[in-house]
Amino acid sequence: MAELNDLGAERAVLAALLQHGIDAYVLVSDIINHETFDHTNNQILYKCIEQVIKNDQSVDIASILSAATQLGFADAVNTKQELKYIKSLIDFPVNQDNVLPFAAQIKKFEFARKIQHLTNKIHKDIDNINGTESINEIIQILENPVTDFLREDDGGDLPEKIGEGVDEYLQFLSENKCDIIGIPTGFTNYDEAIGGGLRRKCVDLVSARPKVGKSVFADNVALNVSSRGTPVLVLDTEMSKEDHLNRLIANLSGVPINEVSTGKFVDDSDKHEQVSDAVKQLSSIPYSYVSVAGKPFEQILNLIKRWVVQEIKTNEYGKTNDCLIIYDYLKLMSSSSITNNIQEYQALGFQITSLHNLCVKLDIPCLSFVQLNRDGITKESTDAVSGSDRLIWLCTSFSIFKIKSPEELAEDGPNAGNRKLVPIVSRHGAGMDDGDYINMVMDGAHAKLTELRTRNQVKNQPIGDTGFVNPDALEGIKNGFEESEEETE
């Protein structure tokens, strides 16, 4: 009987993991585990490498020996022969880009070995037939193990009665009361409209026309969330780190962006102190940033996986710790993304599908942005977003962020902001009534976005009430309206 393995491919995968560490691991961790390897020593070595990576250590012989001790494999790994084998893998030439094909190769053999084990069991059970069995019982000798095998391959999920375990679920809810089920964005009305903040396993979309302030929106949410101690990863497809730093420092210090970016703040001692304090605050919060301009979308997903594995990790129950991904924004990364066989809307559909699947797998929330098409200038519906259908199908909520029209500014009055946020659809929240929207003030000179009351709340407010959540926002309208048009994206 032929050996159902490819030991050469197994060595290549282990060599790539030893040499490239977390970068190689995120490429293959979705499709292989230690059981994918046929050779017992390779299984043990993979588990040790995985432990090293999850401990956020560099992969080398010392860290592998330490991991082997933690996992109870010290006797198997700390031998002259095994150490010689590990050293040979470290010296084995393998390109990181080839690790995925090698992993797919050994995965196929794992699948074949499982089928072989299954058929051997079926043959053994058939040999034990004595003639007293019914036809159905004989059929089940084949049917049951095959069904179990296919269910295991699909993840092991079975249909169950919706009411099963509901008592335990209610007990869990009663013992773990909270004000909001998801990650609060800092915008209370928005959180309520979409169903309690940014939820795990979900992608919430905000759409806007160019130069309206998508990146200001993203930075303000990132600041609001990270300032409460929740780690945030911002992936930006356009702006540089310096551009973000200028905005964030202006936001926190109250010193205009232009004075920050030109260094003119040093001429004023008070502003210099404000900027210094802002830098200290920025250094203390868990706000991570990476530019993904021009990167293939698959590589962007790997960056997210690597950050979650290295920085966020899991709690004692194996659940991913609280965090937030902000992706600014869904779009084609290069002209080569469109070919004769795939159109722009299909490429965007692939991106939202892949992003949603990753959020489900890693159990994390994501706030993402997308461009409104030209219909978005006048329309406020789901067909105003580029690549609309596929994006709307898989997002958890979809909102439109817009500059108020002159008519809306006149109707709402001077105290109701210069931007509006319109939650269009929401899977979990109540959304908003037709014609209602969230008033917002964008002070572009300081990259600051403040949520006000909704349009209906302002209409029904008592006389003399400004309608502001934050009184400082009134000054933002006076000073920031004109400048906001210049300082946005």
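**Salt bridges, surface patches and local backbone features**

At 39% relative accessibility, Lys-201 counts as partly exposed. In this predicted model, Lys-201 occupies the loop between helix 10 (188-193) and strand 1 (203-208). Although Lys-201 is not a glycine, its phi is positive, at about 65 degrees. The side chain of Lys-201 also takes part in a network of salt bridges, in which it is linked with Arg-200, Asp-322 and Asp-363. Lys-201 thus combines a positive phi with membership of a charged network.

A positive phi is likewise found at Ala-447, a residue other than glycine, where the value is near 50 degrees. Ala-447 is placed in the loop between strand 8 (438-443) and strand 9 (448-454). With a relative accessibility of 4%, Ala-447 counts as buried, because residues under 20% are assigned to that class. Lys-201, by contrast, is partly exposed at 39%. A further backbone feature is the cis peptide bond that joins Asp-328 and Tyr-329, with omega at about 10 degrees. Tyr-329 belongs to strand 4.

In total, the structure contains 16 salt bridges. One of them joins the side chains of Lys-305 and Asp-30, with an N to O distance of 3.0 Å. This pair connects distant parts of the chain, since Lys-305 is in helix 15 (residues 297-312) and Asp-30 is in the loop between helix 2 (22-28) and helix 3 (40-54), 275 residues apart. The two partners fall into separate accessibility classes: Lys-305 counts as buried at 9% relative accessibility, whereas Asp-30 counts as partly exposed at 38%.

Another salt bridge is formed between Glu-238 and Lys-331, whose closest N and O atoms are 3.2 Å apart. Here, too, distant parts of the chain are linked, the partners being 93 residues apart. Glu-238 is located in the loop between strand 2 (232-236) and helix 12 (241-253), and Lys-331 in the loop between strand 4 (324-330) and helix 16 (344-362). The relative accessible area of Glu-238 is 48%, and the residue is therefore partly exposed.

Arg-455 and Asp-412 form a salt bridge in which the closest N and O atoms are 3.9 Å apart. Arg-455 is part of helix 19 (residues 455-459) and Asp-412 is part of helix 18 (residues 406-412), so the pair ties together parts that are 43 residues apart in sequence. Both Arg-455 and Asp-412 are buried.

Two surface patches were examined. The first is negative and is formed by Asp-267, Asp-268, Asp-270, Glu-273 and Asp-277. Within this group, Asp-268 is found in the loop between helix 13 (257-262) and helix 14 (269-284), and its relative accessible area of 31% makes it partly exposed. The other patch is nonpolar, covers about 480 Å² and is made by Val-166, Tyr-169, Leu-170, Phe-172 and Leu-173. Phe-172 is situated in helix 9 (residues 166-175) and is partly exposed, with a relative accessible area of 48%.

Spatial separations were also computed for residue pairs that are apart in sequence. Asn-41, a residue of helix 3, is 41 residues from Glu-82 along the chain, while the C-alpha atoms of the two are 8.2 Å apart in space. Asn-41 has a relative accessible area of 30% and is partly exposed. Ile-424, located in strand 7 (residues 419-426), lies 44 residues from Glu-380 in the chain, with 7.6 Å between their C-alpha atoms. Ile-424 is partly exposed as well, at a relative accessible area of 25%.

A search of the whole structure for disulfides gave 0. Cys-359 is in no disulfide, and the nearest cysteine sulfur, belonging to Cys-366, is 4.7 Å away. A disulfide requires sulfur atoms within 2.5 Å, and that distance therefore does not qualify. Cys-359 counts as buried at 1% relative accessibility. Cys-48 also counts as buried, with a relative accessibility of 0%.

Notes
Residues numbered from 1 in each chain as written. Predicted model: local features only at pLDDT ≥ 70, side-chain atom pairs only at ≥ 80, totals over all residues. Heavy atoms only, no water. Patch = residues over 30% accessible without salt bridge, like charges linked within 9 Å, V, L, I, M, F, W, Y side chains within 5 Å. Areas by Shrake-Rupley, 256 points an atom, 1.4 Å probe, with all protein chains shown as cover. Salt bridge = Lys/Arg side-chain N within 4 Å of Asp/Glu carboxyl O. Lys, Arg positive; Asp, Glu negative; His and termini not counted. Charge placed at Lys NZ, Arg CZ, Asp CG, Glu CD. Helix = DSSP H or I, 4+ residues; strand = E, 2+ residues; numbered from the N terminus. Buried < 20%, exposed > 50% of the residue type's maximum accessible area, 1.4 Å probe, protein only.
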